[in-house]
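Welcome, and thanks for taking a look at this structure with me. Let us follow its charged side chains and see how they pair up.

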Amino acid sequence: MGVVTAVGAAMKTATVLFGIGIGKITIIPVLIAVLAYFNYDLMDPENHPRVTKQLKKQYDFIVVGGGSAGSVLANRLTENPEWTVLLLEAGGHETEITDVPILSLYLHKSKVDWKYRTQPQDTACQAMIDRRCCWTRGKVLGGSSVLNTMLYVRGNRRDFDQWESFGNPGWSYKDVLPYFKKSQDQRNPYLARNTKYHATGGYLTVQDSPYLTPLGVAFLQAGEEMGYDICDVNGEQQTGFAFFQFTMRRGTRCSAAKAFVRPIQLRKNFHLSLWSHVTRVLIHPKNKRAYGVEFIRDGQMEVVFAKKEIILSAGAINSPQLLMLSGIGPRAHLEQLGIPVIEDSPGVGQNLQDHIAIGGLVFPIDYQISIVMNRMVNINSALRYAVTEDGPLTSNVGLEAVGFISTKYANQSDDWPDIEFMLTSSSTNSDGGSYVKNAHGLTNEFYNEVFSKINNQDVFGVFPMILRPKSRGYLRLKSKNPLDYPLLYHNYLTHPEDVAVLREGVKAAIAFGETSSMRRFGARFHNKPLPNCKHLPLYTDEYWNCLVRQYTMTIYHMSCTAKMGPSSDPMAVVNPELRVYGVDGLRVIDASIMPTITSGNINAPVIMIAEKGADMIKARWIQSSRFKRNNVTVAIS
């Protein structure tokens, strides 16, 4: 490691230690670290992108939202030097804390989180405060890729073939695979050689974890005991077990901002405005063409105009919220709030889908090998992280392996599993009941009764996640005030089949813990009865049905709220080119446009959607300019 990199890492380490209150460091080393980091930051070719203070009145393209999709779009659209692009982001820059993989849960409810909470509902999240689920969303350049656990999972080929079957030509697996590969810089040499499914040289670094506990290999062996293959879950076959791959680079988070925005900061046709809260898209009411956006910056309302297009990439909550605030949405709802209706689009805010898993399936073990925070996050591990860019601080909160399995409700003869096991060398109790409990919004009463006796003990966790839930939620505006958070209704587990699939996932998780591969560590299920389920016999279907409604853990994959579909679908909000129905010059390009959620963690699919969307925009405007040139040529001749 070079001196500059080492000094930067040292500063990062100091910041981490102070940020979470571990250890005491005298003022002299801190001062040296601060000065060293200042010089390092000046020399770093990947430092924070510069914010444009004096914006132009007009740009060719305005991208609203600097998250995973918006970062890609800003990069790809500015590849044409003749086009000017403005990226508007409501949050600020990433920090040194956000770079450290093990600290991702510490970012929940921090200044880089929108801190959304759903409305109280009885069907799920019963162990949470006020029965409200916490929906963490990134309010920062890079969006939720700055807060997530960096899991790189593409989904199942059948997901995309199904999208096409809904009437969305060009969205089949064979059509989208090149866009997954376009972004990717695969650092695993074995996978990189498989050029049919992987690629190198893209902006987004994808790699294996630099740090694994002995549990990691055991997870794969246990999967084999259950009859599953070890495979590349982003390749030809999804069903099976594998080590997770992560969007990491040199031991730190490779967010979408780091991957796609930092490399283009010197492009003269790119402008960036942070702390810019967009409140409305301006649309001509007569010709229904989007021509600008209003946003609040430094306490002042500003307006900027677009010559070609406005692209909403604000995410599955903020994009439909902005559409409705701008007069695009269900007529009755908008009229009730006094918002002039530009386009009656009943699908806006509907069809909300998310992945949920069952938290708290904990298996204590007899060896000190798991990720226990007060043992792993210390001076020694911080120094190791600074010098060698590995060690426990590079662990993604213990996430080590993944398993895609099929319950009895899935087609056993098809490679389209219905449960994802997220296998961790840690769990809810691994930090003694502080940050994980807070991030998940658990009540003190629930946590203390279920987990207090195993605080900071060595465990592993199995989190069974339902891949294709049938329950559908929705969101509504609270008022026409753009600063009011929307009302979020998750509707988790309102479809009985979702309860059944998750119940079978829990049973499979218990069986996983019973394999000889896990029993050799002394694994046993922490079978403390849950408070609301104590009246039911343990290990019965009735008990598991009760359990899945308690510690219902969102995996933060909100999506599908402005779905893509053919014009014949009255609930479709955008067409297969992601253009908003009924309004010219406006697209939505983010997780909102998914017709159905993909079978796996969704960050990689969102980046793919943006890559494909950028090419659609380029094709539209390059074709338009050629047409104009040809007309001019004909007129002159």
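Is Arg187 buried, partly exposed or exposed, judged by its relative accessible area? This is a predicted model, and in it Arg187 has a relative accessible area of 44%. Partly exposed means between 20% and 50%, so Arg187 is partly exposed.

Now look at the partner of Arg187. Arg187 forms a salt bridge with Asp185, and their closest N and O atoms lie 3.0 Å apart. Asp185 has a relative accessibility of 14%; buried means under 20%, so Asp185 counts as buried. This bridge therefore links a partly exposed arginine to a buried aspartate.

Why can such pairs form at all? Side chains of opposite charge can pair when their charged atoms come close.

Next, please find Arg519 and Glu514. Their side chains also meet in a salt bridge, with 3.8 Å from N to O. Arg519 is partly exposed at 43% relative accessibility, and Glu514 is likewise partly exposed at 43%.

From here we can turn to a group of linked residues. Arg76, Glu79, Lys182, Glu611, Asp615 and Lys618 are joined into one network by salt bridges that share partners. Within this group, the side chains of Arg76 and Glu79 meet at 2.9 Å, N to O. Arg76 is buried, with 6% relative accessible area, whereas Glu79 is partly exposed at 34%.

To finish, step back to the whole model: how many salt bridges does the count come to? The total is 32 salt bridges.

Methods: Residues are numbered from 1 along each chain as its sequence is written. This is a predicted model: local features need pLDDT of at least 70, side-chain atom pairs count only at pLDDT 80 or more; totals for chains, interfaces and linings use all residues. Side-chain values use heavy atoms; hydrogens and water are left out. A salt bridge is a side-chain nitrogen of Lys or Arg within 4 Å of a carboxyl oxygen of Asp or Glu. Buried means under 20% relative accessible area, exposed over 50%, partly exposed in between (1.4 Å probe, protein chains only).
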